[in-house]
Amino acid sequence: MTGVAEREIQTPCGWCGNAIVQPATGRKKHYCDRSCRQRAYELRAAQRRHQADVDTGRIRTVPAPRIGGATPRRRCHLREIVCGGIPVERTA
């Protein structure tokens, strides 16, 4: 026997989806290369940090209630005062 034979099994990379030919012995590869493994680690670490922030209450999981509901009416009212009650066309 010369060299290490490779398995015929090909699995997709856990990050980019490229095919990986698995080695005949040892652990199964999950990523096609070191950069894919690093990107996957960075994503997992960011997810852990985000979940920790949610758990401590630093980040909300639901949107905050809207605060500025009266602002457009106030602007319209101000426009009427400045223009003397004359409707003004809005320019972009």
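Which side chains does a polar contact of 2.6 Å join? Select Q22 and T11: their side chains are joined by that contact. A polar contact here is a pair of N or O atoms within 3.5 Å; within protein, one atom must be able to donate a hydrogen and the other to accept it, and residues adjacent in sequence count only if both atoms are side-chain atoms.

**Before going further**

This is a predicted model, in which local features need pLDDT of at least 70 and side-chain atom pairs count only at pLDDT 80 or more, while totals for chains, interfaces and linings use all residues. Residues are numbered from 1 along each chain as its sequence is written, and side-chain values use heavy atoms, with hydrogens and water left out.

**The whole chain**

Show the chain as a cartoon and colour by pLDDT, the predictor's confidence in each residue, from 0 to 100. The mean for the chain is 79, and 65% of the residues reach 70 or more. Two helices and two strands are present, in the order β-β-α-α along the sequence. These elements are DSSP runs numbered from the N terminus: helices are H or I with at least four residues, strands are E with at least two. Helix 1 (residues 34-56) has the highest mean pLDDT among the elements, 94, and helix 2 (residues 71-83) the lowest, 58.

Switch to a surface. The chain exposes about 8,500 Å², of which carbon and sulfur atoms supply 53%; such areas come from the Shrake-Rupley method with a 1.4 Å probe, and for residues only the protein chains shown count as cover. Of the 92 residues, 9% count as buried. Buried means under 20% relative accessible area, exposed over 50%, and partly exposed in between (1.4 Å probe, protein chains only). Contacts, meaning heavy atoms within 4.5 Å, can be sorted by sequence separation. Among those with a separation of 6 or more, residues 24 or more positions apart account for 5%.

**Stop 1: the strands**

Go back to T11, in strand 1 (residues 6-12). T11 counts as buried, at 15% relative accessibility. Leaving out residues up to four places away in sequence, T11 touches N18, A19, I20, Q22, K28 and K29.

Now centre on Q22, in strand 2 (residues 19-23). Q22 is buried too, at 1% relative accessibility. Besides the contact with T11, a polar atom of the Q22 side chain lies 2.7 Å from the backbone nitrogen of K29.

**Stop 2: the cysteines**

Select C16, C32 and C36 and show their sulfur atoms. How many disulfides does a search of the whole structure find? The search finds zero. A disulfide is a covalent bond between the sulfur atoms of two cysteines; the cut-off used here is a pair of cysteine sulfur atoms within 2.5 Å. C16 is unpaired because the closest cysteine sulfur, in C32, is 3.6 Å from its own, too far for a bond. C36 is in no disulfide either, with the sulfur of C32 the nearest at 3.7 Å. C16 is partly exposed, with a relative accessible area of 38%, whereas C36 is buried at 8%.

**Stop 3: helix 1**

Start at the N-terminal end. D33 caps helix 1 there, with a side-chain oxygen 2.6 Å from the backbone nitrogen of S35. Then draw a line between the first and last C-alpha of the helix. Its 23 residues reach 33 Å, close to the 33 Å expected at 1.5 Å a residue; the expected span is 1.5 Å times one less than the number of residues.

Select C36, A40, A45 and V54, which are buried residues of helix 1. An α-helix has 3.6 residues a turn, so residues three or four places apart point the same way.

Next pick Q38, also found in helix 1. Q38 counts as partly exposed, at 36% relative accessibility. Its C-alpha atom is 9.5 Å from that of W15, 23 residues away along the chain.

**Stop 4: past the end of helix 1**

Move to G57, which follows helix 1 and has a positive phi, near 90°. Finish at R58, in the loop between helix 1 and helix 2. R58 is exposed, at 65% relative accessibility, and its side chain is joined to that of D53 by a polar contact of 2.8 Å.
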